[in-house]
Amino acid sequence: MQFHHHGYVSGDPRVQDAAGTGIERPDDLPDEVDVLIVGSGPAGMLLAAQMSQYPGVTTRIIERRDGRLVLGQADGIQPRSVETFQAFGFAERITAEAYNIGWMNFWGPDPDDAAGIVRTARTADYAYDICEFPHLIVNQARVLDYFAEAAAVGPARIVPDYGVAFEGLTVHDEGEYPVEVRVRYVAGARTGEERVIRAKYVAGCDGARSRVREAIGRIHVGDVAAHAWGVMDVLVNTDFPDWRTKCAINSRAGNILHIPREGGYLSRMYIDLGEVADDDDHRVRQTPIEEIIRRANAILHPYTLDVREVAWHSVYEVGHRVTDGFDDAPEDSGRSPRVFLTGDACHTHSAKAGQGMNVSMQDGFNLGWKLGSVLTGRAPEALLATYGTERRPVAQQLIDFDREWSSLMARKPEEISDPQELATYYLATAEFPSGFMTQYSASMITGSDAHQGLATGFPLGKRFRSAEVVRVGDGNVVHLGHHARADGRWRVYAFGDASGEQLAAWAQAAAPLFERFTPADADADAVFDVKAVYQQPFEDVEVTTTPALFQPRTGPLGLVDWEKVYAAGPSKWTDVDIFAERGLSRDGVVVVVRPDQYVAAILPLDEAGVRELAEFLAEGMLPAR
């Protein structure tokens with residue numbers, strides 16, 4: 001990470017200087033806020049961390065609980081989420097404490113013992129076949145802690161207002177703060193007190209029983225499958241040989257999805273409780289933990305579990321629902337949305353695909369930079385309508401995937417003709433659960449694919465897939481995408497032509513365009529982080545002779561940024577050539593990436609490309625005031 005450009009500091013460089021609303025932040029909730037976040041789950045806390053990078057925006061987050069989440073229910077962290085953690089600055093730290101899924105093993109009925117099970121497949125996990133980030137298991141509470149830290153040390157110094165419950169809202173047709181929100185204090189000295197807060201925008205991140213969803217008249221659409229599962233986090237002694245390996249276990253007594261947890265001892269088990277009768281009326285949810293443990297032992301036979309402690313347990317019936325709209329704007333009304341739904345408030349499903357927390361966080365990431373851009377005057381209000389149009393199809397894809405995966409997991413042995421089928425499906429569909437299949441369609445912030453052939457490895461609308469390059473200033477091998485932070489800036493990667501002459505001409509022509517959208521009193525790279533990648537070895541490139549666009553002077557001291565220039569040529573430490581690795585044209589290409597890391601535009605490295613870039617930016621951004 002870069003720091004000291006505002007002067008030397010000897011403290012933790014992750015703690016950014018307070019600015020704007022983060023200076024003398026009031027302890028009590030203001031009567032008026034720009035953004036009110038309801039709920040401090042994964043989507044809400046990521047959204048708070050993102051909004052902390054916009055200190056000119058007044059953002060508050062309310063949570064009914066009286067403090068941090070102690071024991072979360074979600075725990076699967078897909079590679080795309082770890083990539084997101086990298087952008088928020090804590091990927092390495094959370095990876096160090098998490099369980100890394102290296103393998104997934106599959107067990108089925110023993111052909112020589114009708115009551116027993118045997119291992120049928122041992123498969124390497126998909127993570128490192130898809131990207132450089134791992135597939136992790138770590139408690140949801142820790143994920144929220146890290147996002148809470150990012151929000152608290154960001155310039156806006158956002159911390160949750162605990163013990164405040166959402167009671168309802170009314171959206172008015174006019175006024176600077178058109179959303180009237182009723183809240184009630186449910187903890188602390190002010191318990192029972194009710195008040196009204198007015199907001200420009202509200203984000204409902206308040207879970208499957210969302211009061212915000214109810215307040216705007218949105219409904220869940222879908223059904224509950226007639227199948228129940230018990231889930232428990234346990235500390236055990238066992239002779240089951242794969243206790244520290246993720247497993248899908250199918251036996252004549254039922255099914256188990258077994259997931260080791262962080263710390264080396266704890267594991268989570270999803271235990272098949274079988275079909276639920278039509279007249280059950282949710283009585284299955286009262287299944288005692290002793291019965292869940294008994295069933296687990298029956299499924300694992302001839303192996304046994306001696307459960308020493310149950311850290312948490314629950315019973316759930318599989319449900320697949322998507323809300324009929326992700327914001328409060330009536331379809332085709334032309335009205336800009338004021339209230340948004342994220343996470344479980346707008347999509348619910350089983351936990352076995354490991355998607356709930358992951359998709360919820362991407363909801364928050366998608367919404368956060370859009371709210372920040374509109375409220376800081378960088379983008380028109382129309383940008384906010386793209387949240388629902390982009391995220392609702394993703395939620396539907398999730399429901400479809402989870403329905404199929406859950407059905408496969410719940411099958412009986414006699415319904416399985418190929419013992420390898422589940423393992424094959426797990427690996428064949430890896431791109432979706434890993435979080436990398438999302439692809440946004442053309443819009444005001446995702447351009448035409450007319451030039452996709454110039455960068456075949458960066459599919460338009462998909463997340464920017466990083467690759468190794470050499471940083472010219474110091475000769476270190478780094479991942480190009482890892483330099484990007486969740487700071488609301490757009491990334492522009494100019495991949496140079498063979499001689500570098502066209503790159504220089506492009507930089508000179510594009511520089512005034514970037515200036516048009518950058519406030520005069522802001523750093524030159526405050527809105528656009530523009531980087532150059534030369535085809536030559538780094539030894540053949542001198543930073544100080546590159547175009548001024550790639551040598552911006554930033555901060556109050558006007559210091560030159562030495563980390564905008566990279567080389568693709570081989571070095572002692574890597575033989576990766578990003579041009580070959582990502583199918584980049586040797587004639588040069590420009591790749592524009594949104595603040596949430598999705599490829600927004602692919603353009604030629606020439607004057608025509610600059611004109612197309614101007615047209616693209618004009619559609620989704622506003623010139624600086």
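1. A charge sits over a ring if NZ of Lys or CZ of Arg is within 6 Å of the ring centre and within 35 degrees of the ring normal. In this predicted model, arginine 463 lies over the face of phenylalanine 436, at 3.8 Å from the ring centre.

2. Turning to ring–ring contacts, the count of aromatic pairs comes to 25. One of them joins tryptophan 107 and tyrosine 303, with 5.7 Å centre to centre and 85° between the planes, an edge-to-face arrangement. The two residues are 196 apart and the pair links distant parts of the chain: tryptophan 107 belongs to strand 5 (residues 103-110), while tyrosine 303 is in the loop between helix 7 (289-300) and strand 16 (305-323).

3. Are the two partners buried or partly exposed? Tryptophan 107 has a relative accessible area of 5% and is buried. Tyrosine 303 is at 21% relative accessibility, and because buried means under 20%, tyrosine 303 counts as partly exposed.

4. Tyrosine 270 and tyrosine 316 also form an edge-to-face pair, at 6.4 Å centre to centre with 85° between the planes. Tyrosine 270 lies in strand 15 (residues 267-275) and tyrosine 316 in strand 16, so this contact ties together parts that are 46 residues apart in sequence.

5. For the tyrosine pair, the accessibility values are 3% for tyrosine 270, which is buried, and 17% for tyrosine 316, which counts as buried.

6. Which residues do ring pairs link into a cluster? The cluster consists of Phe85, Phe88, Phe90, Tyr146, Phe147 and Phe365.

Definitions and conventions:
Residues are numbered from 1 along each chain as its sequence is written. This is a predicted model: local features need pLDDT of at least 70, side-chain atom pairs count only at pLDDT 80 or more; totals for chains, interfaces and linings use all residues. Side-chain values use heavy atoms; hydrogens and water are left out. Rings of Phe, Tyr and Trp (its six-membered ring) pair if their centres lie within 6.5 Å; planes under 30 degrees apart count as stacked, over 60 as edge-to-face and the rest as tilted. Helices (H or I, at least four residues) and strands (E, at least two) are DSSP runs, numbered from the N terminus. Buried means under 20% relative accessible area, exposed over 50%, partly exposed in between (1.4 Å probe, protein chains only).
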